[in-house]
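Welcome! Here is a short tour for anyone meeting this structure for the first time. Take a look at the sequence and the model, and then read on.

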Amino acid sequence: MKKKKVVLAYSGGLDTSVAIKWLMKKGYEVVCYMGDVGQGEDLGKAKARALKIGASKCIVGDLKKEFVEDYVFMALKAGAMYQGKYNLATALSRPVIANAMVDIAKKEKADAVAHGCTGKGNDQVRFEVTFRLKAPYLKIIAPVREWELKTREEEIDYAKKHNIPIEQTKKKLYSIDRNLWGVSVEGGKLEDPWQEPQADTYTTIAKEEDAPSRVEYVEIMFEKGVPAGIDGKKYPAITLIKKLERLGAKHGIGRVDMVEDRLVGIKSREVYEAPASEILHAAHTSLEELVLDRETRRFKHIVSERYSELVYYGLWFTPLKGALDSFIENTQKGVSGRVKLKLYKGKVTVTGRKSPNSRYSVKLATYGKGDVFDQSLAKGFIDLWAMPYRR
Ligand code: ARG
């Protein structure tokens, strides 16, 4: 009988390294897949580790461009912030990776797909909903949810027993997930929501108190809602994000500390680092203020919230998400122009905005010379406005 084959989402960490062996012992040929979404780790080293453990193949897919252009910038245009604070960096990366895995599974004629998520988090949902929708015939295996290894120590023992090479770190302080759009840090000391994040949780961003005590300005150029340039110079998407990340991080910008509501019903304390995202969301929103009419803005606000939930809940490839995409794209047609921002000690402040599609009219708004607003119209308007409430 032909050996069954599984495609495993491999990160190079302890869980998924142990998972390779565990799946092999269950009788599977294991093909590892690593989707590069800008985690900035040495994927070559991880690949070598996978092969050493016994994976028959380890495929590295460069998903960075697709991730940024089709997922991250879509969420930016949507103004999607889960519970008003989380930019969804991790949540956005799961469907792009899962979708790529389905393609690999088809090519490899695999019988199953697997991931290293626990049964308590959101990531399992995001992976599995995508698998279900894209390739319902694939069996889904979640080793970490299924095996008997209860603690990290037990996993390390298992790794030692089976000659699985693991990183030399004695104790993992936090669970960290990094990609181009940001870093998610959870676990460890952060599990106490009263504990202030210490220096060891700052992965990229300077502390506010250590940031330069000198203001820096940056100007972002947008084309149809998509960031296209910095300080008058055009950059490809990935370069642009990396530049803003460095700039923002230097000024202590983009740190979020929150208690969020997971899909599986628990609250969890999360620390995020997303300097580029904070700058870009602030800039994008302020350009929309100038360009969108009042009612579209109001309605888009509702869409933003719903959209952020769909992304968080793993529903990227669903009809409602697709329909909302169309709405969002439609609103972005005129969102072109420039935004000026000031960066200082952990804070980003928009100081100016400009667009050829601006709806702002000085002639109507001014209290000075050249006012064309017909104030005599106001009386009738207010009479009618109050009409429904009069008795
Ligand atoms: N709470 C965030 C989310 O659900 C971040 C998850 C981070 N994942 C991780 N494996 N550390 O999107």
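A residue counts as buried when its relative accessible area is under 20%. Keep that cut-off in mind, and remember that this is a predicted model.

## Three buried residues

Valine 18 makes a good start. Its place is in helix α1, which covers residues 14-25. With a relative accessible area of 0%, valine 18 is buried, because that value is under the 20% cut-off. Along the chain, valine 18 and tyrosine 158 are 140 residues apart, yet their C-alpha atoms are 7.5 Å apart in space.

Next, find lysine 321 in helix α11, residues 319-332. Is lysine 321 buried or exposed? Its relative accessibility is 3%, so lysine 321 counts as buried. The side chain of lysine 321 is joined to that of aspartate 325 by a polar contact of 2.5 Å.

Serine 336 sits in the loop between α11 and β13, the latter being residues 337-344. At 16% relative accessibility, serine 336 also counts as buried, because the value is under 20%. From serine 336 to lysine 77 there are 259 residues in sequence, and the two C-alpha atoms are 12 Å apart in space.

## Around the ligand

Now turn to the ligand. Which of the 14 residues around the ligand come nearest? They are Tyr86, Asn122, Arg126, Ser175 and Glu260. Three side chains have polar atoms at these distances from ligand atoms:

| Side chain | Ligand atom | Distance |
|---|---|---|
| Tyrosine 86 | oxygen | 2.6 Å |
| Glutamate 260 | nitrogen | 2.6 Å |
| Glutamate 270 | nitrogen | 3.1 Å |

Taken alone, the ligand exposes 340 Å², and the protein buries 89% of that.

Where in the chain does the shell around the ligand come from? At least two of its residues are supplied by each of α4 (89-107), α5 (123-134), β6 (175-179), β7 (182-186) and β12 (267-273). Sorted by class, the shell has six charged, four polar and four nonpolar residues.

## A pocket and a cavity

Let us look at the open spaces too. The second largest pocket has a volume of about 630 Å³. It is lined by 29 residues, and those closest to its centre are Gly79, Met81, His281, Thr285 and His301. Two or more lining residues come from each of β12, α9 (275-291) and α10 (294-312). Helix α9 gives the most, with eight residues. Strand β12 is thus a name you have met before: β12 supplies residues to the shell around the ligand and to the lining of this pocket. By class, the pocket lining has twelve polar, nine nonpolar and eight charged residues.

How many cavities of 30 Å³ or more does the model have? The count comes to one. The largest cavity holds about 30 Å³ of space. Its lining is made up of Tyr174, Lys189, Leu190, Gln195, Glu196, Pro197, Gln198 and Asp200. These lining residues divide into three nonpolar, two polar and three charged.

## Looking back

To retrace the tour in the model, begin at valine 18 in helix α1, and move on to lysine 321 in helix α11. From there, visit the ligand with Tyr86 and Glu260 among the residues that come nearest, and finish at the second largest pocket, where α9 gives the most to the lining.

Conventions:
Residues numbered from 1 in each chain as written. Predicted model: local features only at pLDDT ≥ 70, side-chain atom pairs only at ≥ 80, totals over all residues. Heavy atoms only, no water. Near = heavy atom within 4 Å. Polar contact = N/O pair within 3.5 Å; in protein donor to acceptor, adjacent residues only side chain to side chain. Areas by Shrake-Rupley, 256 points an atom, 1.4 Å probe, with all protein chains shown as cover. Helix = DSSP H or I, 4+ residues; strand = E, 2+ residues; numbered from the N terminus. Nonpolar A, V, L, I, M, F, W, Y, C, P; charged D, E, K, R; others polar. 1 Å grid on protein atoms, 1.4 Å probe; cavity = no way out; pocket = protein on both sides within 12 Å on 5 of 7 lines; lining within 4 Å. Points joined across faces, edges and corners; volume = space filled by probe spheres on them. Buried < 20%, exposed > 50% of the residue type's maximum accessible area, 1.4 Å probe, protein only.
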